[in-house]
Amino acid sequence: MTRAGSCQCGHVRYEVSGPDIGLVLCYCTECQRLSTGIGTYSMVFPRGAFRLISGSLKSHERAGHAGTRNVGHFCPKCGVRIYHEDPHQDYVRLKAGTLNHASELEPDAHIWTQSAPAWVRLPDGCLSYETQAEPAEMIAAVQARRAARADQM
Ligand SMILES: [Zn+2]
Ligand SMILES: [Zn+2]
């Protein structure tokens, strides 16, 4: 499966190939500032699934949670974030709102729910974490839920 997306001005166009590892909605205060909204949507892919089709990216780095690095890559013309990564990890976190047809997506997990606006209602039985989820543990939980759902169909 190949998905395509772009920034707001169209300078950056990209494709991501293969199945994603999980779609995570994060309500942390950093993501609220970054999105100028209530959080960000990150679709996790193995490093190498992302391919820049046109344009170029600039990057901004900040210290992540618990000693991790958090490097954000964005369009130098319109400023839209395209993906984030920790250079020491083997996956990237695509900002899923930049995908074409982003409204068709449904999150696998909700994190940092303690800083979500009080009016947000999480779906019944969803996978959620009050603060940061440990990545390997969350990915395992997402994969288990996807497998269970596939069995029901
Ligand atoms: Zn742009
Ligand atoms: Zn966040």
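Two strands count as paired here if DSSP finds at least two bridges between them. In this predicted model, strand E4, covering residues 40-46, clears that bar with E9: the two are linked by five bridges and run antiparallel. One contact in that pairing puts Val44 across from Arg93 of E9.

On to the other partner of E9. Strand E8, residues 81-85, is joined to strand E9, residues 91-95, by three bridges, again in the antiparallel sense. The two make a hairpin, with five residues sitting between them. Along this pairing, Tyr83 faces Leu94 of E9, while Glu85 lies opposite Val92 of E9.

As for surroundings, a residue is called buried if 20 or more other C-beta atoms lie within 10 Å of its own. Four of the five residues of E9 meet that cut-off, so the strand is largely enclosed by the rest of the structure.

Stepping back, these strands belong to an open sheet of eight, with mixed pairing. Reading across, the order is E6-E7-E8-E9-E4-E3-E10-E11, which puts E9 between E8 and E4. The edges are taken by strand E6 (58-63) and strand E11 (127-128), each of which pairs on one side only.

Key:
Residues numbered from 1 in each chain as written. Chains lettered and ligands numbered in written order. Predicted model: local features only at pLDDT ≥ 70, side-chain atom pairs only at ≥ 80, totals over all residues. Buried ≥ 20, exposed ≤ 12 C-beta atoms within 10 Å, placed from the backbone.
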